[in-house]
Structures are given as structure tokens and as C-alpha cells.
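Open the model in your viewer and keep a selection box at hand. The stops below say what to select next and what is there.

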Amino acid sequence: MKRVRITLDPPEVALPPVYRRMTRGADLDAVRIENWNVSEPPTTFLLRLRGDYERFADELAADDAVAEFELFPIDDATCYCYLTGEVDPASRTLFENFTRGSLITVPPVDCHGDGSSTFTIVGTDDDIQTAVDEVPEGASVTVRAVGGSRVAPDSGLNRLSARQREALAAAVAIGYYDQPRAATTGDVAAELDCATATAAEHLRKAEAKLVHGALEDAGIRG
């Protein structure tokens, strides 16, 4: 079996209106598909939204293709959204292409503003190659990574060493990342019982790993 992380860029006609609205028209900073059920119509999704999700709820309520939805707030800027609605044949074909044979699509699916999405598939070499080769006309697939020690993408914190996580936790606790900043690198060093230069290095490396990891997960290469 093989693990492959890909970005799928479908033709415009294959993008459901609600997808275009989520990633382009709505005041949302990030959209992830956490799970889904496309076995029988209507199609059901569990989304994770970050941004002005209350305003997006008004748009969902006015969408005739949305049969049902419910928001589950996490905080003022983040929520889960249970969504059921009709998906046109072109969109369904995209999903079904990556459920053929041995293939499993591993959530979450990261949705991007240009209409593309990034996700992981696991299956045999032959089934993965067939799925990549037989995407509908007008769609393209970019392979981001092959293999790896984990099936699902690592969270940002998993990329950090224990000391780097400790430095970030201390910095957050004492207000180093507050606006305006309430603590200095020296204060972080005092919390860690180390030199100021050492604390600064831990923070710099941790921040770099988090930024590079976030860009990599979004399919953005430097």
C-alpha cells in the first residue's frame, strides 16, 4: 500500500456553488472537509470553518441546493458545519474517482481559494495511478508527497521538539505573542531557565517549523 498526498484542481464546472461560495465569496479564512458521505444522494459533509461563519450561515440558508445544515461553534471564529445537499454529477464523479478499488481518502481535505483541494489517499500503486490518470477532463492532479511515516498529515506541533513546544507554551502563557507584546525574549528565557539567546533560538526554530508546515499542508511551496 502507498500513501500519497495530492492537490486536485478541478474544472470550474465541477465545483459545486456552495464550494465556490465557501472558498471565494464567504468571509472565511480556512475551510476543511473533515468527513463526508457520498454513497447515496443527498451528499453530507462535516466541515470545519474559520472566519465569519455566522454570515456564511445566512448564505447557506438562502441556497436552494442545501437541504439542511447546522453550525457547532468552537469559538467566535471557528465552527463545525454539518451540511447536506445535492451535488451535481460532475462533482460526484470527482469524489468517486478517489474511492475506486482499494483507495481510501484520508480526511481532512484542505479547500483552497482557487478551487483546488489537498488531501491524502491510501491504496495500491495501481489504483492510485488509475485515479490520477482518470480524473475528469479539465482537472489536474499535483503529487505533493509520496510515502511517509504517518497516514494523516502531521499537526504543526508534532513537527516541534519538546523544548521548542515548551518555549512556545511559556511564551504564550506570559504574553509574548499578545498585541501589544506583554513580555520579552528575556522573560521567556527566565521561564525556561536558559540564556536569552537560547530562548530566542527555540522560538525562532519553532516559528519557522510551524510556518513552513502550514504552507506545506496548504500545498504552497517556497
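Select Asp-193, which is exposed, with a relative accessible area of 71%; exposed means over 50%, buried under 20%, and partly exposed in between (1.4 Å probe, protein chains only). Asp-193 sits in the loop between H6 and helix H7 (196-217). Helices (H or I, at least four residues) and strands (E, at least two) are DSSP runs, numbered from the N terminus. Phi of Asp-193 is near 60 degrees, a positive value in a residue other than glycine.

This is a predicted model, in which local features need pLDDT of at least 70 and side-chain atom pairs count only at pLDDT 80 or more, while totals for chains, interfaces and linings use all residues. Residues are numbered from 1 along each chain as its sequence is written, and side-chain values use heavy atoms, with hydrogens and water left out.

Next, select Ala-189 in helix H6 (residues 185-192). Ala-189 counts as buried because its relative accessibility is 3%. Contact means heavy atoms within 4.5 Å; leaving aside neighbours within four places in sequence, Ala-189 is in contact with Cys-194, Ala-195, Thr-196 and Ala-199. Add Ala-171, 18 residues apart from Ala-189 along the chain: their C-alpha atoms are separated by 9.2 Å.

Move to Pro-180, in the loop between helix H5 (162-173) and H6. The peptide bond from Gln-179 to Pro-180 is cis, with omega near 0 degrees. Another cis peptide bond to display joins Pro-107 and Pro-108, with omega about 5 degrees. Pro-108 is found in strand E6.

Now select Asp-63, in the loop between helix H2 (53-61) and strand E4 (66-75). Is Asp-63 buried or exposed? Asp-63 counts as buried, because its relative accessibility is 12%. Its side chain makes a polar contact with the side chain of Arg-21 (2.7 Å). A polar contact is a pair of N or O atoms within 3.5 Å; within protein, one must be able to donate a hydrogen and the other to accept it, and residues adjacent in sequence count only if both atoms are side-chain atoms. Leaving aside neighbours within four places in sequence, Asp-63 is in contact with Val-18 and Arg-21.

For the interior, select Met-22, Leu-47, Leu-49 and Phe-98, the residues with the most contacts inside the largest nonpolar core, which has 35 residues. H2 gives the most to this core, with four residues. A nonpolar core is a set of buried Ala, Val, Leu, Ile, Met, Phe, Trp, Tyr and Cys residues joined through side-chain atoms within 4.5 Å. Apart from the largest core lies another, of 13 residues, among them Leu-160, Ala-167, Tyr-176 and Val-188.

In H3, colour Ser-91, Arg-92, Leu-94 and Asn-97, which are buried. What covers the buried residues of H3 includes strand E1 (2-9), E3 and helix H4 (125-133).

Last, show the second largest pocket through Pro-16, Tyr-19, Ile-33, Phe-45 and Phe-95, which lie nearest its centre among 31 lining residues. On a 1 Å grid over the protein atoms alone, a pocket is an open set of points where a 1.4 Å probe fits, with protein on both sides within 12 Å along at least five of seven lines; lining residues have an atom within 4 Å of a point. H1 gives the most to the lining of this pocket, with four residues.
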